[in-house]
Amino acid sequence: MSILKAVVAELLSMFVADARQTVATLLLVAAVAALILALQADPLLGGAILFLGCIVIVIEAAVRETRRRGRRSHGMRL
Amino acid sequence: MAFESWGVAGPAVTAAFLASLVEVVEAFTVVLAVATLRGWRPAWLGTAAALAVLALTVALLGPLLDRVPIHALQLVIGIMLLLFGMGWLRKAILRAAGVIPLHDEDAIFASETASIQTEVSGTQSSRDWIAGLAAFKAVLLEGLEVIFIVIAVGARPGLLVPASIGALAACIAVLLIGVIVHRPLSRVPENTLKFGVGVMLSAFGVFWTGEGLGVDWPGQDVALLAFAAAFLATGLVTAAVLRRTYARALSDGARTGSALVSR
């Protein structure tokens, strides 16, 4: 049973390492899907938004984590 | 099954090889810890049992995947690749920037050894059982990640075989080097590999999510390479900027702390 729990936890951690990054990515894909499929926008436009959105999400997640650790380290020194 | 053009098959083989290399090195560290403590018999038995479970998983999953329409499969796998690849890329950026520590296989080997030692008590056979279970768990977990990576980068007609070959090559390489060296493979540049794999998997994720949504990427294979180049540039620039920012934040904090202490 504990092995099963470990396997499930590991598989989940593969895809949900940073909750905000995961939610942002899923929202981005949903928005692009709505744009292309529901609003019938040019698929290439949707593709460009998807690509640029992913770049922004990665940068934001890295910057946010750096700030958080910087603040935590600053606080410990005080 | 015909191979895809090398523009897409090449990155698929490379991504599968490098990603599998990272996973197999991590599994090998634990297997080596078990072998060091309790001998190669429980280590091999645990590994063999895990490989059997993995083979069964592939045998069951393979035919199921064939039934899923290709666009739906590409969309689901594309999204999973985005989550997985971008997660790895984020962590690789943070490690390259010095914000989080690098993965240290020697330290992991030491902690796994200590952990197995504290868990084992009782008879000789129960100790071997517990040690073998540790090997089984490690190989199973890392193996599942390898399977996902192979299926994900091979999620297009003609790519599964190249991706599988890449993964198999990685397994054989680590096994051969590990058997010869007989130590944790701590000199493998793990963060560099994870950086590269994060870049490639993110690029594949964008490519396939887009195809799953009906995007006809201009230049097909060239678009994939362009995404990879963009993610790589983004990662390198972000790591460089964050390295300076974080170092400044740490030195500002140190100065403030010592100023308060001296008052």
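**Exercise 1.** How many residues does helix H7 of chain B have, and how far does H7(B) reach from its first C-alpha to its last?

*Solution.* Keep in mind that this is a predicted model. Start by finding residues 190-212 of chain B, which form helix H7. Counting along the helix gives 23 residues. Next, go from the first C-alpha to the last: the reach is 31 Å, close to the 33 Å expected at 1.5 Å a residue.

**Exercise 2.** Now find out whether H7(B) is mostly covered or not, and look at what follows it.

*Solution.* Of the 23 residues in H7(B), 20 are buried, so the helix is mostly covered by the cut-off of 20 or more other C-beta atoms within 10 Å. Then step past the helix: H7(B) is followed by B:Gly214, which has a positive phi, near 95°.

**Exercise 3.** Why does B:Thr36 count as partly exposed?

*Solution.* First, place the residue: B:Thr36 sits in helix H1 of chain B, residues 6-38. Then look at its surroundings. B:Thr36 has 18 C-beta neighbours inside 10 Å, so it counts as partly exposed. A buried residue would need 20 or more, and an exposed one 12 or fewer. Finally, try a distance: from B:Thr36 to B:Ala240 there are 204 residues in sequence and 40 Å in space, C-alpha to C-alpha.

**Exercise 4.** Describe where chain A and chain B meet.

*Solution.* Begin with the contacts: 38 residues of chain A touch 42 residues of chain B. On the chain A side, helices H1 (2-15), H2 (19-38) and H3 (43-77) each supply at least two residues. H3(A) gives the largest share, 21 residues. Last, sort the chain A side by class: 24 residues are nonpolar, 9 polar and 5 charged.

Terms used. Residues are numbered from 1 along each chain as its sequence is written. Chains are lettered from A and ligands numbered from 1 in the order in which they are written. This is a predicted model: local features need pLDDT of at least 70, side-chain atom pairs count only at pLDDT 80 or more; totals for chains, interfaces and linings use all residues. Two residues are in contact if their C-beta atoms, placed from the backbone, lie within 7 Å. Helices (H or I, at least four residues) and strands (E, at least two) are DSSP runs, numbered from the N terminus. Ala, Val, Leu, Ile, Met, Phe, Trp, Tyr, Cys and Pro count as nonpolar, Asp, Glu, Lys and Arg as charged, and the others, Gly among them, as polar. The expected span of a helix is 1.5 Å times one less than its number of residues.
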